[in-house]
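This report introduces a protein chain to a reader who has not met it before. Please look over the sequence and the model before reading on.

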Amino acid sequence: MEPIKIIRVAQGKNSTLSHLYIGGLFACYLLEDAIRPEKVPGITCIPEGEYGLSLNSWAGMNAKYAPKYPKLHQGMIEITEIPNYQLVFIHIGNYHTQTAGCPLTGSYWQLLDGDYQVLHSAAAYRYVYPLLVGEIERGNNRVEVLNQCSTSGSPSLR
C-alpha cells in the first residue's frame, strides 16, 4: 500500500501550504497553520512525523458535517497519535485563521498579503473524504507529514 502523505511545500507569514497524496497521487491542497519550533495552541501545524488516521464519530464537528453531507459523512477524518495535540481533523476552510491546528482542504491556492489560502474547499473535501475513508477501511490508516518547503517563497513542486 502506498502511504498517505502530507507534504508541506510553502510557508506564508502565518500559514503553510501542503499537498495531500493518496495512493501516490496528488489529491488536493491543504492549508495549515505556520510551522513553529514550539507548539502554540491553535496556531501551529502538527509536527513532521507519522501518525494514525481514524474516523471520529463523537466529536462536536460531526454535528455540523453529518447533516451537511448525509450520504458521505461517516465521521470526521482525525489525525491521531500527535504528541500534545488532539482532535485534529481534515476539514473545510479557506484561511489559516480557520485551521485551529487542523489541515483544511482546497482545490486551488492563493498567496494574499503574505499568507496562503485555499479555495473551493468543500469541493476538495467531497473529493478526498471518500478516498480517505476507503484507505482507512483497507487498513491504510497512517499518514506521513513531511516538511519540504521551498526556501524561494514559491511552492515546491517536489
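The text below treats the overall fold, the surface and charges, a recorded domain and three individual residues.

The structure is a predicted model, in which local features need pLDDT of at least 70, side-chain atom pairs count only at pLDDT 80 or more, and totals for chains, interfaces and linings use all residues. Residues are numbered from 1 along each chain as its sequence is written, and side-chain values use heavy atoms, with hydrogens and water left out.

**Overall fold**

The chain contains 2 helices and 11 strands; these are DSSP runs numbered from the N terminus, with helices being H or I of at least four residues and strands E of at least two. Their order from the N terminus is β-β-β-β-α-β-β-β-β-β-β-α-β. The chain is as compact as a globular protein of 158 residues, because its radius of gyration is 14 Å, close to the 15 Å of the globule rule. That radius is taken over C-alpha atoms, and the rule is 2.2 Å times the number of residues to the power 0.38. The C-alpha trace spans about 40 × 30 × 30 Å along its principal axes.

Of the contacts with a separation of 6 or more, 59% join residues 24 or more positions apart; contact means heavy atoms within 4.5 Å.

**Surface and charges**

Of the 158 residues, 48% are buried, where buried means under 20% relative accessible area, exposed over 50% and partly exposed in between (1.4 Å probe, protein chains only). Carbon and sulfur atoms hold 53% of the accessible surface of about 7,800 Å², an area obtained by the Shrake-Rupley method with a 1.4 Å probe.

**Recorded domain**

An unreviewed UniProt entry places the feature "domain: DUF5675" at residues 5–131; such annotations may be inferred rather than shown by experiment. This span is 14% helix and 43% strand, and its end C-alpha atoms lie 13 Å apart.

**Individual residues**

Two residues other than glycine have a positive phi, as the table shows.

| Residue | Phi | Loop | Relative accessibility |
|---|---|---|---|
| N84 | about 65° | between β5 (76–80) and β6 (88–89) | 68%, exposed |
| A100 | near 50° | between β7 (91–92) and β8 (104–106) | 56%, exposed |

N147, by contrast, belongs to strand β11 (residues 142–147) and is partly exposed at 28% relative accessibility. Beyond its neighbours within four places in sequence, N147 is in contact with R8, I35 and E48. From E135, N147 is 12 residues away in sequence and 23 Å away in space, C-alpha to C-alpha.
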